[in-house]
Amino acid sequence: MDTTIRETKKKSWMRWLWGNMGGHRVLYVTAIFMTIVYNIMQLIVPYFSGRIVTLFEESASSGIPLSDNLNEFILNLSLMVGLTLVRITIVYFTCMAYEYVSQHALYKIRNFLFDKIEHQDMNFYNEYRTGDLMTRLTGDLDAVRHNVAWVIKSVVDSFSLFLATAIYFFIMDPLLAICVLSITPLLFLVILRFKKASAEKHRILRDKLSGLNTDVQENISGNRVVKAFAREQYEKEKFNRSNTSYAEANMDTQRTWLRYFPAIETFANLLPVILLLAGGMFIINGRLTIGEYVSFSMLIWAIANPMRMLGNIMNEFQRFAAASKKVMEIYNSKAGIVSKENAIRHPDRFKGLIEFDHVSFGYEGGAVPVLRDITMKVEPGQTVAVIGETGCGKTSLIHMIPRFYDPEQGEVRIDGINVRDYELTDLRHNIGLATQDVLLYSDTIEGNIAYGDSSLSSDEVVKYAKYSAAQEFIDKMPEGYDTIVGERGVGLSGGQKQRISLARALAIKPSVLILDDTTSAVDMETEKHIRDSLNELDFDYTKIIIAQRISTTKYCDKIFVMGDGRIIEEGTHKELCAKGGYYANLVALQMGTNLADVEKFGKEAI
Ligand code: DUT
Ligand code: MG
């Protein structure tokens, strides 16, 4: 894994969450404090019940009727009911506060993550699968929110209730308290062992879910390929395997919980038994009053429940731990390709001088270098072609200009300045790129063309559609420029998509236009139309065209022939024909003539 895109700084999850609660921290701390308060208030009912029973007991033993003590009875009862109402109100507002803070933190983290993902470089996208990233932004984030709203609250709940009750027990009768609390260390031991066992299970479960999501995502976006090869059954079985594996991981996680659950439950249930035994004996020997015993027995759940809950909390916490690790990895990641400090601002247009100076490059994890010592120069306003067999590195070459990747050696310069020195957005705003794989958004055709510049008027959209020979087919569509295309919209042909993508690249009035095989799917006549209209554009720009057809390259000012990551030939159409090398062979092949004729033509033409 590349260390350049990974920030090594490790923050604990607590500090990380705390950092994301900005603006709501006081509310969160208040909620935690109020959680402690309302848990202490849980002692109200048992306490007053005990006192009321003592009142009954005293009136029975002294022979004074309860009616004489009515005021005290009513006071105790009213306090019990009144304080309980106060407690319920506190519980209500506290729960709301947890929910509010957690939703805000989630909102903040989600926005931040989206921004992080948006600004990542190509290496990041090569490394992470879409389904996995989607899982991080949805399921994992929800586990994080659940931790803020529920897990942390439950921990505070359990510990404060347990502690308050334990203290209350000690005040009433230390010996009985020790009897009841004697089994708590055993329970903690069980929970610690459970924590160890469940952490790994949750990690596996989380990875299986991500695998499942990736399968679904790939099948939806690649459905055409599945259909073309009639591989539905195969994909169904593959998905079934992922699904089974996920279900099994879920079962396994549950089984781990169920293995420890009986022990936790048994210890928790032992408490009432101990209370009955010890309390009964203490009443018999007069150590405890009935009233105190009532308080004790009403509070036994307050000791047992937190213990029971602890297992559950630990389970949820492990789910959070597995998820937060994934979320924090993206959160703390750093894109390798960013604007450097004090980068040069260049909001204006470039003149368009492009130079490659001994550029070498290889993909991460790739065995061989893809670009080897490339040196080339494109003058402002020139139109140059890059041609070469498939896989020779043409796309990789042009990806160096908008800094999709940075060279390992050498540098790429625009107007004499290393592209690394420019502010990244300024650099990219100046480059119009029609990529080899056309991606259109689920938007109208107009929206797609105006993607790089939302302020574009409808007239301008039409103008660029005309330049890219898209106007005609758009006009024929039922809703014209308002037709929704892309994933959910009307389907377009490969050539139509290419033309919209060209219009989109032109619409930003780039000072450098790069066309990566953009006219490969359009017919010769349309290609000519595009070529002619590109010469009519009302702004100066440098054009780099990757093409396979001689009909495209022969009008260019210069042609660079690439082979195996190097520039193997360069010159004009005529010069290269005369040379009798790779290009001349290609001409002969595409024109249906022989090499000798091509060479002859070249030599005569020079
Ligand atoms: N390559 C990678 N990772 C990538 C992209 C490409 O390893 O993300 C490899 C594949 C190939 C080489 O780099 O061996 C050059 O690829 P490029 O896409 O630059 O080739 P091309 O000249 O544009 O080929 P085509 O004409 O098929 O578009
Ligand atoms: Mg390519």
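**Figure 1. The hairpin of strand 4 and strand 5.** Strand 4 and strand 5 are joined as a hairpin with two residues between them, and in its turn Asp415 has a positive phi of about 50°. The structure shown here and in the following views is a predicted model. Strand 5 comprises residues 417-418, and two bridges pair strand 4 with strand 5 in the antiparallel sense. Ile414 has Ile417 of strand 5 opposite, while Arg413 faces Asn418 of strand 5. Strands of a sheet pair through backbone hydrogen bonds, in either a parallel or an antiparallel manner.

**Figure 2. The open sheet of four strands to which the hairpin belongs.** The strand order is 2-1-4-5, and the pairing is antiparallel. Strand 2 (371-378) and strand 5 occupy the edges; each has a single partner strand, so one side of each is left without a neighbour in the sheet. Strand 1 (residues 354-361) runs antiparallel to strand 4 (residues 409-414), and five bridges join the two. Glu355 has Arg413 in strand 4 as its bridge partner. Arg413 also stands opposite Asn418 in strand 5. In a regular strand the side chains alternate between the two faces of the sheet.

**Figure 3. The open sheet of six strands.** The strands follow the order 6-9-10-3-11-12, and their pairing is mixed. Strand 6 (431-434) and strand 12 (566-571) are the edge strands, each of them pairing on one side only. On average, neighbouring strands of this sheet are turned by 15° against each other, direction ignored. At one end of the order, strand 11 (residues 558-563) pairs with strand 12 in the antiparallel sense over five bridges. Within this pair of strands, Met562 stands opposite Ile567 of strand 12.

**Figure 4. The packing of helix 7 against helix 10.** Two packed helices are described by the angle between their axes and the distance between the axes. Helix 7 covers residues 174-181 and helix 10 residues 232-284; their axes come within 9 Å and cross at roughly 155°. Because angles over 145 degrees count as roughly antiparallel, helix 7 is roughly antiparallel to helix 10. The crossing of the two helices is right-handed. Helix 7 contributes Leu175, Leu176, Cys179 and Val180 to the contact, and helix 10 contributes Leu271, Ile274, Leu275, Ala278, Gly279 and Phe282. Classified by residue type, this contact of helix 7 with helix 10 contains nine nonpolar residues, one polar residue and no charged residues.

**Figure 5. The surroundings of Met172.** Met172 is part of helix 6, which spans residues 130-172. Which residues does Met172 contact, leaving aside its neighbours within four places in sequence? The partners are Glu292, Ser295 and Phe296. Met172 and Phe296 are 124 residues apart along the chain, and their C-alpha atoms are separated by 8.8 Å.

**Figure 6. The protein chain that contains these features.** The secondary structure of the protein chain amounts to 22 helices and twelve strands. Its C-alpha trace spans about 135 × 50 × 45 Å along the principal axes. The radius of gyration of the protein chain is 36 Å, whereas a compact globule of 606 residues would have a value near 25 Å.

How values were computed: Residues numbered from 1 in each chain as written. Chains lettered and ligands numbered in written order. Predicted model: local features only at pLDDT ≥ 70, side-chain atom pairs only at ≥ 80, totals over all residues. Heavy atoms only, no water. Axes fitted to C-alpha atoms, helices over the stretch in contact; angles between N-to-C directions. Parallel < 35°, antiparallel > 145°, perpendicular 65-115°, else oblique. Left-handed = near helix turned anticlockwise from the far one by under 90°. Contact = heavy atoms within 4.5 Å. Nonpolar A, V, L, I, M, F, W, Y, C, P; charged D, E, K, R; others polar. Pairing = 2+ DSSP bridges. Rg over C-alpha atoms; globule rule 2.2 N^0.38 Å.
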